[in-house]
Amino acid sequence: MSFNDSELVALAVIVKEWGVKGEMKVLPLSRNFTSVAPGSCIFLSSLHVTEKVTLEAVKPHNRFFIISLSGINDRESAAAYRNAYLKIKKSEIPIEKDEYLYDQIIGLQVVTTSGEEIGRVDSIFETGSNDVYVVRKENAEYLIPAIRDVIQTIDLEKGQIIIRVMEGLLD
């Protein structure tokens, strides 16, 4: 099976090794992580190397997950993958209408409905109720809630997000 790294999307990052049998503690980067089941082929990406592996087991642990991957059977092998990403092909992710992957959002230009450029989405974090886009431009940083009242349009082809500025949003 051939793949191009640009066809892949990160679902989780390995935080550290867990136990002595090669298990790893991972932090999900997407809600889609929970759709990956044991037996699934995923990609393990560290530094400039990406390799195909099989997800053998996954179990929730607070806001993290504990996973086992094929071929990684001891603590030392698991430790070598600290900070590596677990990725899958974008085409294998179930995406609903008006739903986007973090990789699609990060880097988009954010513009107000009046045309004022706010900056680019630098990162995303989850709150209990919605995602928040961290938008940066030069020395300014804005936290834009990903809610319908604020996000008017996400246009991947134009590479931009149009927002409606609510009182206090850009202060």
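Which residue in S6 is the bridge partner of Val9? In the predicted model examined here, that partner is Ile88. The pairing belongs to a set of five bridges that join S1 to S6, the two strands running antiparallel. Strand S6 also pairs with S3, again in the antiparallel sense, through three bridges, and within S6 the residue bridged to Leu44 is Leu86. Four of the five residues of S6 are buried, so this strand is largely enclosed by the rest of the structure.

The secondary structure of the chain consists of two helices and twelve strands. Along the sequence these elements follow the pattern β-β-β-β-β-α-β-α-β-β-β-β-β-β. The C-alpha trace spans about 55 × 30 × 30 Å along its principal axes. Of the 171 residues in the chain, 37% are buried. Among contacts with a separation of 6 or more, 50% are made by residues 24 or more positions apart.

The largest nonpolar core comprises 23 residues, and those with the most contacts inside it are Leu44, Leu69 and Leu86. At least two residues of this core are supplied by each of strand S1 (8-18), strand S2 (23-28), S3, strand S4 (49-61), strand S5 (64-69) and strand S6 (85-89). The largest share, four residues, comes from S1. Apart from this core lies another, of 16 residues, which includes Ile124, Ile144, Ile161 and Leu169.

The surroundings of Leu86 illustrate the assembly of the 23-residue core. With neighbours within four places in sequence left aside, Leu86 is in contact with Val9, Ala10, Leu11, Ala12, Ile14, Val26, Phe33, Ile42, Phe43, Leu44, Ile67 and Leu69. One of these contacts, Ile42, lies in strand S3 (residues 41-46). Ile42 has a relative accessibility of 4% and therefore counts as buried. Beyond residues up to four places away in sequence, Ile42 touches Val36, Glu51, Lys52, Val53, Leu55, Leu69, Leu86, Lys87 and Ile88. Val53, one of the residues touched by Ile42, is eleven residues from Ile42 in sequence, with a C-alpha to C-alpha distance of 5.5 Å.

With regard to aromatic side chains, the structure holds zero aromatic pairs. A charged group is nevertheless placed against a ring: Lys25 lies over the face of Phe64, at 4.3 Å from the ring centre.

An open sheet is formed by six strands in the order S10-S9-S8-S7-S12-S11, with mixed pairing. Strand S10 (140-145) and strand S11 (151-155) stand at the edges with a single partner strand each, so one side of each is left without a neighbour in the sheet. From one strand to the next, the twist averages 35°.

Within this sheet, strand S8 (residues 117-126) and strand S9 (residues 131-137) run antiparallel and are joined by six bridges. Here Phe125 stands opposite Val132 in S9. Strand S9 pairs in turn with S10, in the antiparallel sense and over six bridges, and the partner of Val134 in S10 is Leu143. The hairpin of S9 and S10 has two residues between the strands, and Glu138 in this hairpin takes a positive phi near 55°.

Two residues of this region, Asp131 in strand S9 and Leu143 in strand S10, provide a contrast in accessibility. Asp131 counts as buried because its relative accessibility is 11%, whereas Leu143, at 44%, counts as partly exposed. Apart from neighbours within four places in sequence, Asp131 is in contact with Arg31, Tyr102, Ile124, Phe125, Glu126, Ile144, Pro145 and Ala146. Among these contacts of Asp131, Ile124 and Ile144 are also members of the core of 16 residues.

Leu143 touches Phe125, Val132, Tyr133, Val134 and Leu169, residues up to four places away in sequence not being counted. Of the residues touched by Leu143, Val134 is its bridge partner, while Leu169 belongs to the 16-residue core. Phe125 lies 18 residues from Leu143 in sequence, and the two are 9.8 Å apart in space, C-alpha to C-alpha. Phe125 is thus listed among the contacts of both Leu143 and Asp131.

Terms used. Residues numbered from 1 in each chain as written. Predicted model: local features only at pLDDT ≥ 70, side-chain atom pairs only at ≥ 80, totals over all residues. Heavy atoms only, no water. Pairing = 2+ DSSP bridges. Axes fitted to C-alpha atoms, helices over the stretch in contact; angles between N-to-C directions. Buried < 20%, exposed > 50% of the residue type's maximum accessible area, 1.4 Å probe, protein only. Contact = heavy atoms within 4.5 Å. Phe/Tyr/Trp six-rings, centres within 6.5 Å; stacked < 30°, edge-to-face > 60°. Lys NZ or Arg CZ within 6 Å of the ring centre and 35° of its normal. Core = buried A, V, L, I, M, F, W, Y, C linked by side-chain atoms within 4.5 Å.
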